[in-house]
Amino acid sequence: MIRCLIVDDEEPARELIKLHLSALEDFEVVASLGNALDAFVFLQKNPVDLVFLDIQMPKVSGLELASSLKSSPKIILTTAYREYAADAFEMEVFDYLVKPITQERFMKAIARFIHHWNGKTETKEPAKDNDGAYMFFKVGREQIKIMLKDILYIEGLADYIKVHTKDKSYIASEKLGYMEETLPSNSFVRIHKSFIIAIDKITSFNADQVMLDDKPLPLGRLFKAGFLKTIQAKTQD
């Protein structure tokens, strides 16, 4: 079962989400709370897979709650205000639903989450020889097959990504956070809030940037330690 938490200071909004979820067999509402403080306490003691989180609430906002969680479940923001979208996607929330939430839009978000969930439950460390590994990316109306060995780096563009190969680039409907969780960590590493790179394509690096052939990419301060740890582990293989 996928454990869900609903956090909204308006009871009708909570009940609407519960109604939408009641039609889904694999989703369980473990709690429905009216403020972010109660949600914070609940999350310290209870495992949750998915949070439906309102933004504007008294005392503590949904965005403040989301940023305070060290180990965060996937978050779908639910709000009447569109102007928070940029801040929300900067934090890499899973989705952003604007009230009133239609069942069609709700199910689209759920479909994306199920896609993520199914990928998460698969083995994330495939054999080190990834020559035959590939993924399908939604490019426009088509699903494009791209071999993992051909990917140089992936660039985040809000709720899209740009997949760069040696010969071509593709803009696909996906988020960089999902790619970080899905790509094999023995072959790819995140170096910046906007970039994931193929480890075997690195030609050099310094304290500020990583070179992929002739392409310099920034090495973000928050990602530097993880990058160096990954490189060190690879040299010891």
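Which residue's side chain does a polar contact join to that of E174? To find out, open this predicted model and select E174 in the loop between strand 10 (169-172) and helix 6 (176-182). Now add R112: a polar contact of 3.4 Å joins the two side chains, E174 and R112.

Stay with E174 for a moment. Its relative accessibility is 12%, and because buried means under 20%, E174 counts as buried. Leaving out residues up to four places away in sequence, E174 touches R112, H115, D159, Y160, I161 and M179. You can also select V139: its C-alpha atom is separated from that of E174 by 9.6 Å, and the two residues are 35 apart along the chain.

Next, select Y160, one of the residues that E174 touches. Y160 lies in strand 9 (residues 160-165) and, at 39% relative accessibility, counts as partly exposed. Add L157 and I171 to your selection, and you will see a nonpolar patch on the surface, with about 260 Å² of accessible area for the three together.

Now for the aromatic rings. The model has six aromatic pairs. Select F52 and F106: their ring centres are 5.5 Å apart and their planes are at 20°, so this pair is stacked. F52 sits in strand 3 (residues 50-54) and F106 in helix 5 (residues 103-120), so the pair ties together parts that are 54 residues apart in sequence. Both F52 and F106 are buried.

For an edge-to-face pair, go to Y134 and F136, with 5.7 Å from centre to centre and 90° between the planes. Y134 is partly exposed, at 43% relative accessible area, and F136 is partly exposed too, at 48%.

Last stop: select F27, F94 and F113, which form one aromatic cluster.

Definitions and conventions
Residues are numbered from 1 along each chain as its sequence is written. This is a predicted model: local features need pLDDT of at least 70, side-chain atom pairs count only at pLDDT 80 or more; totals for chains, interfaces and linings use all residues. Side-chain values use heavy atoms; hydrogens and water are left out. Helices (H or I, at least four residues) and strands (E, at least two) are DSSP runs, numbered from the N terminus. Buried means under 20% relative accessible area, exposed over 50%, partly exposed in between (1.4 Å probe, protein chains only). Contact means heavy atoms within 4.5 Å. A polar contact is a pair of N or O atoms within 3.5 Å; within protein, one must be able to donate a hydrogen and the other to accept it, and residues adjacent in sequence count only if both atoms are side-chain atoms. Patches are made of residues with over 30% relative accessible area and no salt bridge: like charges are joined within 9 Å, nonpolar side chains (Val, Leu, Ile, Met, Phe, Trp, Tyr) within 5 Å. Accessible areas come from the Shrake-Rupley method with a 1.4 Å probe; for residues, only the protein chains shown count as cover. A salt bridge is a side-chain nitrogen of Lys or Arg within 4 Å of a carboxyl oxygen of Asp or Glu. Rings of Phe, Tyr and Trp (its six-membered ring) pair if their centres lie within 6.5 Å; planes under 30 degrees apart count as stacked, over 60 as edge-to-face and the rest as tilted.
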